[in-house]
There are 2 protein chains.
Amino acid sequence: MPKLDESLLTGLPPFSRLDRGQIRQILDQAGSRRYEEGTPIFREGHDAERFYLLLDGYLRVVQATRDGEEIIVLHISPGQLFGIAPALQRDTYPATAIAAAETIALSWPVRLWDTFTREYEGFATETYRTVGQRIGQIQETLTELATQAVEARVASAVLRMANQSGRKTEEGIEIAFPVTRQNIADMTGTTLHTVSRLLSGWEKNGLVRSTRKHIVVTDAHRLVLLSGAKD
Amino acid sequence: MPKLDESLLTGLPPFSRLDRGQIRQILDQAGSRRYEEGTPIFREGHDAERFYLLLDGYLRVVQATRDGEEIIVLHISPGQLFGIAPALQRDTYPATAIAAAETIALSWPVRLWDTFTREYEGFATETYRTVGQRIGQIQETLTELATQAVEARVASAVLRMANQSGRKTEEGIEIAFPVTRQNIADMTGTTLHTVSRLLSGWEKNGLVRSTRKHIVVTDAHRLVLLSGAKD
DNA sequence: TCTCGACGTTGCTCTTCCACAAACCGCCGG
DNA sequence: CCGGCGGTTTGTGGAAGAGCAACGTCGAGA
């Protein structure tokens with residue numbers, strides 16, 4: 001395993017209060033791996049053996065229903081911890097994590113968790129802040145799903161991805177990882193067909209531009225209108 | 001303020017590893033209050049000044065949408081901590097808590113949070129376990145909302161309440177707090193009308209019995225079938 | 001006891017969106 | 001270069017469930 005550079009972690013919230021020595025220590029205990037697009041990193045219900053940090057790429061966190069469908073609960077962007085079941089006293093992962101694009105992640109065995117929270121100042125604090133934010137996000141998705149019409153939900157989902165992973169280009173905001181219509185359907189609890197129609201419609205009206213697995217939001221403002229207060 | 005009895009806390013998970021002296025200490029710092037049915041205990045977005053323990057009664061945790069609708073995210077039963085924003089490094093409450101029935105709760109100012117987690121063994125651990133469980137619950141609701149038909153969602157919601165707060169009676173399992181059709185609609189993202197129709201239908205087929213604000217599940221088994229794998 | 005208001009029921013209409021179907025596009029491997 | 005496959009587009013019914021409306025009923029307070 002090649003030695004990992006310390007600059008990888010400096011500046012990331014969970015490690016921001018640590019000195020070089022501590023970061024070195026953490027890195028020396030880390031495993032590092034590359035995941036191809038579509039590869040699962042861990043699966044719902046499996047024993048939580050490691051916890052992770054996403055260095056590069058994007059993840060989909062997915063939950064399966066009894067009848068085999070799966071829905072996307074949230075996305076994870078670089079710099080975030082994930083698979084942090086031990087923080088919540090769980091011994092299995094509550095959901096499946098899948099690489100949405102080519103991805104690199106560090107990981108540590110769960111037995112180090114207690115050491116991390118004890119020895120490294122700010123680590124626990126920042127972790128729980130992340131947990132809090134995720135709960136907020138999920139709750140928001142929940143209310144949206146419960147109250148909004150399909151078009152608004154799809155608009156929100158697209159905007160959320162754009163905000164989370166957006167790259168500014170001349171044309172607009174580009175979603176940085178591959179997304180299929182089916183993926184969006186899985187985020188919004190609708191079908192591939194409906195999503196396709198909506199995106200086609202928006203493209204006709206100049207709100208977005210899209211090619212396969214690739215979406216650029218060209219008129220975020222009007223999309224926000226669609227997603228929210230109708231009028 | 002009358003002195004609170006120590007037996008209130010012994011046996012509850014967050015305090016189970018503490019001795020009498022510690023429990024006495026905790027109680028002496030607690031505020032105790034009664035809330036009438038329908039009273040909010042705290043509101044979404046307000047400064048998180050205290051954290052709470054539900055002694056008796058039931059709570060609805062509610063989130064409001066931009067357009068004034070509100071949906072019920074989860075219920076809280078006696079013995080659980082709630083309003084634990086500080087555990088997640090939040091300084092405002094992420095949702096509104098409303099008494100679903102006459103309720104009694106203890107509370108402490110947030111500045112004691114750090115003391116509690118530091119001094120009282122098992123308190124932090126158990127709290128985070130609760131958080132983990134709630135996330136699991138919300139995620140489940142989310143997938144349900146995204147994939148299941150209305151009838152299945154309503155069935156699940158009723159079953160969830162029955163399991164959480166069920167009292168066995170001769171007739172079946174009785175939900176221990178008042179629930180209106182509108183409440184169920186708010187849990188499942190549907191309308192009062194649809195819920196009313198469904199309950200009427202079920203009553204006709206002997207799955208439930210209901211009077212106003214009051215539901216008894218008389219055939220849990222068949223209700224489970226409705227809630228899950230169709231056939 | 002009467003009245004009022006909250007809660008619940010039911011029928012009808014209308015919209016939304018899903019299911020099914022058929023075909024197309026563009027990328028990848030042979 | 002060609003075939004195949006995954007991803008996408010588009011059209012057409014049809015059914016689920018929302019919205020509207022009107023009425024019934026229970027309980028609390030004057």
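DNA strand C is a good place to start in this predicted model: 16 residues surround the strand. The closest of these come from both protein chains, with A:Val150, A:Thr190 and A:Thr194 on one side of the list and B:Ser196 and B:Arg197 on the other. If you look at which atoms of DNA strand C come within 4 Å of the protein, sugar and phosphate account for 56% of them.

Now zoom in on some individual contacts. The side chain of A:Thr191 has an N or O atom 3.4 Å from a phosphate oxygen of DNA strand C. Bases are approached as well: an N or O atom in the side chain of A:His193 sits 3.5 Å from a base nitrogen of the strand, and a polar side-chain atom of B:Arg212 is 3.3 Å from a base oxygen.

Which helix gives the most to the surface near DNA strand C? That is α6(B), with four residues. Helix α6 (192-204) of chain A also supplies at least two residues of this surface. By residue type, the surface near the strand has eight polar, six charged and two nonpolar residues.

Next, turn to the largest pocket, which holds about 850 Å³ of space. Its lining has 30 residues, and those nearest the centre are A:Ala124, A:Tyr128, B:Thr117, B:Ala124 and B:Tyr128. Both chains take part here too: α2 (113-119) and α3 (123-147) of chain A, along with α2 (113-119) and α3 (123-147) of chain B, each supply at least two lining residues. In this lining you will find 15 nonpolar residues, eight polar ones and seven charged ones.

Methods
Residues are numbered from 1 along each chain as its sequence is written. Chains are lettered from A and ligands numbered from 1 in the order in which they are written. This is a predicted model: local features need pLDDT of at least 70, side-chain atom pairs count only at pLDDT 80 or more; totals for chains, interfaces and linings use all residues. Side-chain values use heavy atoms; hydrogens and water are left out. A residue is near a molecule or strand if one of its heavy atoms lies within 4 Å of it. A polar contact is a pair of N or O atoms within 3.5 Å; within protein, one must be able to donate a hydrogen and the other to accept it, and residues adjacent in sequence count only if both atoms are side-chain atoms. Ala, Val, Leu, Ile, Met, Phe, Trp, Tyr, Cys and Pro count as nonpolar, Asp, Glu, Lys and Arg as charged, and the others, Gly among them, as polar. On a 1 Å grid over the protein atoms alone, a cavity is a set of points where a 1.4 Å probe fits but cannot get out, and a pocket is an open set with protein on both sides within 12 Å along at least five of seven lines; lining residues have an atom within 4 Å of a point. Grid points are joined across faces, edges and corners, and a volume is the space filled by probe spheres set on the points.
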